[in-house]
Amino acid sequence: MKNFVFISIGLATLGLALGYSLSSLWLWTPLIVAMGLLWLVGQWRDWDGWASIGLIFFVVAAAGGVGHDAAAGWLLSGTVAALIAWDLDHFSQHLNHAGHVENAAELRRTHLRRLFVVASLGLLLAGVALSIQLELNLGWALFWGLLAILSLSWLIGFSRGESQ
Amino acid sequence: MPNLSEKKSGGNLAGFRETQKHLKSLPFYQPRLLLLNLLIYGLVLGGLATLNGTLLALALPFIIYLGAGLLFEPEEPRLKVSRYLSADYAVQDEPVTIKLTITNEGSRLEEVLVEDLTPTPLELLDGQTNLLTTLSPGATVELSYTLRGKRGAYRFSKVLITVSESLGLFQKRRVILAAGQFLVLPEATRLRRVEIRPRRTRVYSGLIPVRQGGPGIEFFGVREYQPGDPLRWINERASARHIQTLFVNEFEQERIADVGLILDARQQSDAYAPEGSLFEHSIQATAALADTFLNEGNRVGLFIYGHYIDWTFPGYGKVQRQRILLALARAEQGDGHVFATLEYLPTRLFPARSQLVLISPLLPADPEMLIKLRARGYRLLVISPDPVTFEQKGLPVNREVELAARLAQLERGLLLNKLRQAGIQVIDWQVETPFQEVAHLAFSRFQ
């Protein structure tokens, strides 16, 4: 499982670094590579909570890249790879700290299958979204934004209420 | 220790108020979920604020990840948990196996984490107390582990169940009651012999000399022959001196007695050192004495003084030995105001003029009551583990500590002398020496 995490971190770093460097943003590329290496070291040394810091940095870096008109496709790939690394890190820690694990193979299989579907769908939909050009004025943008935030909050709140 | 019976107890999710109460204190939101939400909100708000669709597109994988978590969120778990213990009680450091059987009576659970909340002083020897698995409807899984522990009563009550979907974003935590308990008995080292001379004995023959002629082993005196006396008892020398009168030897009768063991469980009389509590040594001594007295055929009762009226009614034999060991396994210290002195010792529990054995480090106010007991006709034996030397071992070596220890020893010496002067047998026990050695030396001296 750890190998998958290392590969994902590598891919996330590569994606973001390419996104920046292909748009000639050379100044930021070493910083992204350094952060990728730091995440790898943290992962190797089992530093607690390091994966979350790595994910936040990569998302912020991707958002920054968007602001600097970096290659969006690569930024998206890097972000999805960082999400996978973050997820797999949690899953591997979960397995390690659980004590005795029964049906470990099935647990891994189910998790990897779901993660693959989620990541692929996310990449596909985001890729499609990148290719669509919609002209929105401020009013519509605010409307859709508020709608998105409210429905997301409602969905989580509803789920939370149900579980209690 | 024999495996007397397999204890089984079960619990179900439905209808436990305690479970419901516990539930509210358990966090629903995971830090991961919070982080994911923050990233989504950040990207969406950033995209809207800058009117940049690419940022909104970057949020999509995270939204789908969150959506997948919501979609597969686990249903209310319906699990049945049963607990089996390999023994009801064990001796110190003897392994006991605990087995939990978890059956899923609801829908499929992608991830189930079972955490058995074990009492902390127990040492895990084999296996794990946690189990992570996936459970299909009707499936059963077993969690088994082996523990050992020091003297005490160990109660198992709750099992913490966490179910979640495969991505681990949404969890449901429930506590299921699956009770069980086992006792770790103190070690009872048998002593060679404990010489006691109570003023009153019981009618049955035993090992305690009662200063009365009759059948026995030790020579007691000579008396005139009476019809029915065995011929081998005739004292030929004494009979030869008197014409027409026969004399027979008499032997000292040996009987059993009532023995009341009183264990001092007052918190304020205890002492602590890095190796543990002095109370544990007192318990070891009590177990050894109970075992020895019962083995000699006596009727033994136990009173644990300190927490509440913990009285093991007097009895004989192996069953009584087991009762006393179980009471000692459960023994806890107390700091009740009522038990601050020995004044409220319920002496009516002990037969008049019987033998009492007090196992106590002793407090300055204790001799008064003990002398009163002696005056009432009880025979008293005090086993006093030395708290001063015991506690001194855990303190730094310096002049002040040495001086304080010397003063405390002087006070203790005076206290013990006071008891000895009142005709009370006292054994001053330095606990680094095994109790059987100390007892052997002391009882040979009393003889």
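## A strand pair across two chains

A:Val101 stands opposite B:Leu132, a residue in strand 7 of chain B. Strand 1 of chain A and strand 7 (residues 130–135) of chain B are joined by two bridges and run parallel. Two strands count as paired if DSSP finds at least two bridges between them. Strands and helices are DSSP runs, numbered from the N terminus: a strand (E) has at least two residues, and a helix (H or I) at least four. In general, strands of a sheet pair through backbone hydrogen bonds, either parallel or antiparallel.

This is a predicted model, in which local features need pLDDT of at least 70, side-chain atom pairs count only at pLDDT 80 or more, and totals for chains, interfaces and linings use all residues. Residues are numbered from 1 along each chain as its sequence is written, while chains are lettered from A and ligands numbered from 1 in the order in which they are written.

## The shared sheet

Which strands make up the open sheet, and in what order? The six strands run 1(A)-7(B)-5(B)-9(B)-10(B)-3(B), and their pairing is mixed. Strand 1 of chain A and strand 3 (89–91) of chain B are the edge strands, each pairing on one side only.

Strand 9 (residues 152–164) of chain B pairs with strand 10 (residues 171–185) of chain B. This pairing is antiparallel and has twelve bridges. B:Ala153 has B:Leu183, in strand 10 of chain B, as its bridge partner.

## Where the chains touch

Contact here means that the C-beta atoms of two residues, placed from the backbone, lie within 7 Å. By that rule, 46 residues of chain A are in contact with 43 residues of chain B. On the chain A side, the elements giving two or more residues are helix 3, helix 4, strand 1 (100–101), helix 5 (104–131) and helix 6 (138–163). Helix 5 of chain A gives the largest share, 14 residues.

The side of chain A that touches chain B has 28 nonpolar, 13 polar and five charged residues. Ala, Val, Leu, Ile, Met, Phe, Trp, Tyr, Cys and Pro count as nonpolar; Asp, Glu, Lys and Arg count as charged; the others, Gly among them, count as polar.

## Chain A as a whole

Chain A has six helices and one strand. Along the sequence, the pattern is α-α-α-α-β-α-α. The C-alpha atoms of chain A fill a box of roughly 55 × 45 × 25 Å along the principal axes. Take the contacts in chain A with a separation of 6 or more: 74% of them join residues 24 or more positions apart.

Chain A is assigned domain 1 (2–133) and domain 2 (136–164). Such bounds come from an automatic or database domain assignment. The centres of these two domains, taken over C-alpha atoms, are 26 Å apart.

## Helix 1 of chain A

How far apart are the end C-alpha atoms of helix 1 (residues 2–22) of chain A? They are 30 Å apart, which agrees with the 30 Å expected for 21 residues at 1.5 Å a residue. The expected span is 1.5 Å times one less than the number of residues. Just after helix 1, A:Ser24 takes a positive phi of about 60 degrees.

A residue is buried if 20 or more other C-beta atoms (placed from the backbone) lie within 10 Å of its own, exposed if 12 or fewer do, and partly exposed in between. Of the 164 residues in chain A, 34% are buried. In helix 1 they include A:Val5, A:Ile9, A:Leu16 and A:Tyr20. The buried residues of helix 1 pack against helix 2 (29–44), helix 3 (50–67) and helix 4 (72–97) of chain A.

## Helix 2 of chain B

Helix 2 (residues 31–50) of chain B has 20 residues and an expected span of 28 Å; its end C-alpha atoms are 28 Å apart, which agrees. Its buried residues are B:Leu36, B:Leu39, B:Ile40, B:Leu43, B:Val44, B:Gly47 and B:Leu48. They cover an arc of only 155 degrees around the axis, so they lie on the same side of the helix. The arc is that of the directions from the helix axis to the C-beta atoms.

The face turned away from the buried side carries the exposed residues B:Pro31, B:Leu34 and B:Ala49. Just after helix 2 of chain B, B:Leu51 takes a positive phi of about 55 degrees.

## A loop residue in chain B

B:Arg108 is in the loop between strand 4 (96–104) and strand 5 (109–116) of chain B. Buried, exposed or partly exposed? B:Arg108 is partly exposed, because 13 other C-beta atoms lie within 10 Å. Not counting residues up to four places away in sequence, B:Arg108 touches B:Ser136 and B:Pro137.
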